[in-house]
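Hi,

Here is the structure I promised to pass on. Have a look at it first, and then read on for what turned up when I went through it.

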2 protein chains.
Amino acid sequence: MTAPPVPPGPPAATVLLSGGLDSATVLAMARAQGFVCHCLSFDYGQRHKHELLAARALASALSAASWQIVTLDLRAFGGSALTDDTIAVPKDRDERAMAADIPVTYVPARNLVLLSMAVAFAESRNCVDVFTGVNAVDYSGYPDCRPQFIRSFAHTATLATALGTQGRAFTVHAPLSDMTKAQIIRAGAALNVPYHLTHSCYDPATASDGSPLACGRCDACQIRRRGFAEAGIPDPTRYL
Amino acid sequence: MTAPPVPPGPPAATVLLSGGLDSATVLAMARAQGFVCHCLSFDYGQRHKHELLAARALASALSAASWQIVTLDLRAFGGSALTDDTIAVPKDRDERAMAADIPVTYVPARNLVLLSMAVAFAESRNCVDVFTGVNAVDYSGYPDCRPQFIRSFAHTATLATALGTQGRAFTVHAPLSDMTKAQIIRAGAALNVPYHLTHSCYDPATASDGSPLACGRCDACQIRRRGFAEAGIPDPTRYL
């Protein structure tokens, strides 16, 4: 394998797209910066598939060059309410309870695993830019959302890869890192992100037409609701 | 989630067990150091399943506390002769050709992905020791086998996890890092590693009894053969 040349034309990026409002905003930001975007979503044993359907719709609506879903059985590792049916999703917690501790919805080392897969995907496409919607403000309890983790990971990825060895350093773009949910929503609205297509709820019901109904009470719903209210932008979410 | 206590009793470790002779030797070393070993093998779209069967037999023979197989479709990323049927496994290469470049059997960022999964697995078991058989001597063309990658990864893993945040740093043990294949085989033989159960060949045939027959010509077979010869230990491999 010889050093692959940097491809001509607009730069390519790998975008982690969960189907939530953060990653949808990141995809719009990457597009606005001129990147050709290859989106990657994970079926990691989530309890529900609504967010994967949302990711597909968003990749199309935001003109991604490609969208791929990768199966990854984090459920085999257990330990999180998002993948383990025996742990209840917490509801109606106040802000202090949310901020106090690492939540039970934490999936062990999830961003480490997902970013590693993104790097493998990026390297096989001769691309060293990776975009993620991690955010250190609203989810401060998740250790793998912190900027010092993101910086350390990019350095490790450069050491791990053939592209890095050949002098092309990986950049992990985390443009939402220091933004509040309201700031993210305002930035996304300015880029015409179709927020009605995004999905946040950890524990949705399904409407008679198959679309999701958000519970309105889990941490994700509460943070989302408050974000739209603070941004002064109507919340397009359908709640139970 | 409150800080989990360090469990009483002997320390636990997660061991990446591929079924090859390197990881088998590492498992024996971890056991000899007193670790209770939880082994993790990956079905990552290898062309053949002989090495997974070897991993199962080795976990049992070397008294691992548990063995788990995780499906991980690296094949979705393409780009390697080990996962992509359209790329031929190179045969009969001399040492200089093997050492010259990153081989086509390189799976993009494989160790980054596998170690990340090992950290997720370890964290869900309240354990911060991870053993890997990566080796920088024989496979110097693989960037994610280098000690500087291993060190950087352990630092990143500590930043990525709840356990790390709570003051328990991850250690990635790579005891074979600076050993030649002959040194590895001598060390393993002293620990009674059942090398007849290990599998190295990238392109094996299957004997009439279902067991593998090594090709004897791919890089892995050549390195293995030479290792046994240099160690002065009979090679128990069945070759074509």
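Let's begin with chain A: of its 240 residues, 50% count as buried. Keep in mind throughout that this is a predicted model. Chain A holds eight helices and seven strands. Among its contacts with a separation of 6 or more, 71% are between residues 24 or more positions apart.

Next, the sheet in chain A. Five strands make up an open sheet, in the order β3-β2-β1-β4-β5, and the pairing is parallel. The edges are taken by β3 (66-71) and β5 (171-173) of chain A, each with a single partner strand, so one side of each has no neighbour in the sheet. On average, neighbouring strands here are turned by 25 degrees against each other, direction ignored.

If you zoom in on one pairing, try strand β1 (residues 12-16) and strand β4 (residues 129-131) of chain A, which pair in the parallel sense over two bridges. A:Val15 has A:Phe131 in β4(A) as its bridge partner. Helix α1 (residues 21-32) of chain A packs on this sheet, where it touches β1, β2 (36-43) and β4 of chain A. The direction of that helix makes about 170 degrees with that of β1(A). Helix α2 (residues 50-61) of chain A lies across β2 and β3 of chain A, and it runs at about 170 degrees to β2(A).

Now for a spot where the two chains meet. Helix α4 (residues 110-124) of chain A packs with helix α4 (residues 110-124) of chain B at an angle of about 170 degrees, the axes being 9 Å apart. Angles over 145 degrees count as roughly antiparallel, and α4(A) and α4(B) are therefore roughly antiparallel to each other. On the chain A side, the residues that meet α4(B) are A:Leu112, A:Val113, A:Ser116, A:Met117, A:Val119 and A:Ala120. Their counterparts in α4(B) are B:Leu112, B:Val113, B:Ser116, B:Met117, B:Val119 and B:Ala120. By type, the residues of this contact divide into ten nonpolar, two polar and no charged.

One residue there is worth clicking on: A:Leu112, in helix α4 of chain A. Is A:Leu112 buried or exposed? The cut-off for buried is 20 or more other C-beta atoms within 10 Å, and A:Leu112 has 28, so it is buried. Leaving out residues up to four places away in sequence, A:Leu112 touches A:Asp144, B:Ser116, B:Val119, B:Ala157 and B:Ala160. The C-alpha atoms of A:Leu112 and A:Thr14 are separated by 15 Å, with these positions 98 residues apart along the chain.

Over in chain B, strand β1 (residues 12-16) has four of its five residues buried, so it is largely enclosed by the rest of the structure. β1(B) pairs with strand β2 (residues 36-43) of chain B in the parallel sense over five bridges, and B:Leu16 has B:Leu40 in β2(B) as its bridge partner.

Last, another helix pair. Helix α1 (residues 21-32) and helix α7 (residues 181-190) of chain B pack at an angle of about 45 degrees, with their axes 9 Å apart, and are therefore oblique to each other. Their crossing is left-handed. The contact involves B:Leu21, B:Asp22, B:Ala24, B:Thr25 and B:Ala28 of α1(B), together with B:Ile184, B:Ile185, B:Ala187 and B:Gly188 of α7(B). Those residues divide into six nonpolar, two polar and one charged.

Cheers

Notes:
Residues are numbered from 1 along each chain as its sequence is written. Chains are lettered from A and ligands numbered from 1 in the order in which they are written. This is a predicted model: local features need pLDDT of at least 70, side-chain atom pairs count only at pLDDT 80 or more; totals for chains, interfaces and linings use all residues. Axes are lines fitted to C-alpha atoms, for helices over the stretch in contact, and angles run from 0 to 180 degrees between N-to-C directions. Angles under 35 degrees count as roughly parallel, over 145 as roughly antiparallel, 65 to 115 as roughly perpendicular and the rest as oblique. A crossing is left-handed if the near helix is turned anticlockwise from the far one by less than a right angle, and right-handed if clockwise. Two residues are in contact if their C-beta atoms, placed from the backbone, lie within 7 Å. Ala, Val, Leu, Ile, Met, Phe, Trp, Tyr, Cys and Pro count as nonpolar, Asp, Glu, Lys and Arg as charged, and the others, Gly among them, as polar. Two strands pair if DSSP finds at least two bridges between them. A residue is buried if 20 or more other C-beta atoms lie within 10 Å of its own, exposed if 12 or fewer, and partly exposed in between; C-beta atoms are placed from the backbone.
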